[in-house]
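Dear colleague,

Please find below the structure that I am handing over to you. I would be grateful if you could read the notes beneath it with the coordinates open.

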Amino acid sequence: MKEQSVPRSFRIDNDVIKILTRIAEDSDVTLNLLVSNILKEYALTRHNLNKFGTITLSRNTFMILLNGINEKKIAEIAESAATNFLEFANQLLLPSGFPSFRHILKRYLCEGCGWANYYEANSQENDYIVLTHNYGETFSTFLKYYVSRVLTEFRMGVPLDDIKTHRTCITIPFPPKVLARMHPITAFLERTGEEAGIENVPL
């Protein structure tokens with residue numbers, strides 16, 4: 001069901017309106033939709049990430065740091081980072097409940113932090129979450145251990161060796177129709193291993 005919009009009046013600097021108008025025209029969307037999306041992204045994602053504490057690095061600087069670390073250390077860092085983020089996410093109360101595995105991966109790590117592009121796919125054997133990026137094999141290894149740690153917390157039982165890594169992506173398999181049953185928000189604290197909701201959520 002589409003969320004209901006409500007009229008509100010705000011005062012915005014004229015210079016900002018001019019910039020937003022150009023962005024809306026370049027993006028082929030209305031100014032109203034652009035502003036609404038910006039506010040939603042801040043309220044549901046950026047505001048929470050700011051509380052967690054994030055920094056911005058150039059891609060080249062990030063890759064130089066990343067490529068100077070061996071796989072054993074990458075695994076340790078990834079698992080520690082995932083644990084810290086889960087402790088933070090556990091404190092987030094979103095409009096419909098606590099963040100689910102799917103919501104954390106898609107909304108925070110992919111859309112919010114820009115770690116990867118998020119896709120879902122399926123075959124006769126499995127459903128898949130595919131994360132693509134431009135940071136090389138070492139980052140794929142980092143994502144593999146990070147995602148494995150998060151999956152363990154949700155008791156979703158995907159063996160580490162089943163998460164396949166490539167230079168520009170990782171692929172995470174699930175039994176058929178599991179992704180279709182994943183609601184974006186679920187009772188995070190319960191961690192039943194089977195996320196609530198039965199509707200197919202648009203990507």
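The notes below go from the overall fold to individual contacts.

Please bear in mind throughout that this is a predicted model.

Overall architecture

The protein chain contains seven helices and six strands. Read from the N terminus, the order of these elements is α-α-α-α-β-α-β-β-α-β-β-α-β. Of the 203 residues in the protein chain, 36% are buried.

The N-terminal region

Helix H1 (14-27) is preceded by a segment that holds Ile12. With a relative accessible area of 41%, Ile12 is partly exposed. Together with Phe10 and Val16, Ile12 makes up a nonpolar patch on the surface, and the accessible area of the three residues comes to about 300 Å². H1 itself has 14 residues, and the distance from its first C-alpha to its last is 20 Å, close to the 20 Å expected at 1.5 Å a residue. Asp28 follows H1 and has a positive phi, near 60°.

The hairpin of E2 and E3

Strand E3 (residues 127-132) runs antiparallel to E2, and six bridges join the two. They form a hairpin in which four residues lie between the strands. One of the bridge partnerships pairs Ala121 with Tyr128, the latter in E3. As a general point, side chains in a regular strand alternate between the two faces of the sheet.

Aromatic contacts

The model has eight aromatic pairs. One of them joins Trp115 and Phe139: the ring centres are 6.2 Å apart and the planes stand at 80°, so this pair is edge-to-face. The contact links distant parts of the chain, since Trp115 lies in the loop between helix H5 (101-112) and strand E2 (117-122), whereas Phe139 lies in helix H6 (residues 137-153), 24 residues apart. Phe139 is buried, its relative accessible area being 2%.

Trp115 also pairs with Phe142, again edge-to-face, with 5.6 Å from centre to centre and 65° between the planes. Here too distant parts of the chain are linked: Trp115 in the loop between H5 and E2 and Phe142 in helix H6 are 27 residues apart. Phe142 has a relative accessibility of 10% and therefore counts as buried, the limit being under 20%.

Which residues do the ring pairs link into a cluster? The cluster consists of Phe62, Trp115, Tyr135, Phe139, Phe142 and Tyr146.

Salt bridges

How many salt bridges does a search of the whole structure find? The search returns two.

In one, the side chains of Glu76 and Lys73 meet at 3.5 Å, N to O. Both residues belong to helix H4 (residues 71-89) and are three residues apart, about one turn of the helix. Glu76 is partly exposed at 40% relative accessible area, and Lys73 is partly exposed at 41%.

In the other, the side chains of Glu111 and Lys106 meet at 2.9 Å, N to O. Glu111 is partly exposed as well, with a relative accessible area of 47%.

For your own inspection, I would suggest beginning with Trp115, which forms edge-to-face pairs with Phe139 and with Phe142.

With kind regards

How values were computed:
Residues are numbered from 1 along each chain as its sequence is written. This is a predicted model: local features need pLDDT of at least 70, side-chain atom pairs count only at pLDDT 80 or more; totals for chains, interfaces and linings use all residues. Side-chain values use heavy atoms; hydrogens and water are left out. Rings of Phe, Tyr and Trp (its six-membered ring) pair if their centres lie within 6.5 Å; planes under 30 degrees apart count as stacked, over 60 as edge-to-face and the rest as tilted. Buried means under 20% relative accessible area, exposed over 50%, partly exposed in between (1.4 Å probe, protein chains only). Patches are made of residues with over 30% relative accessible area and no salt bridge: like charges are joined within 9 Å, nonpolar side chains (Val, Leu, Ile, Met, Phe, Trp, Tyr) within 5 Å. Accessible areas come from the Shrake-Rupley method with a 1.4 Å probe; for residues, only the protein chains shown count as cover. A salt bridge is a side-chain nitrogen of Lys or Arg within 4 Å of a carboxyl oxygen of Asp or Glu. Two strands pair if DSSP finds at least two bridges between them. The expected span of a helix is 1.5 Å times one less than its number of residues.
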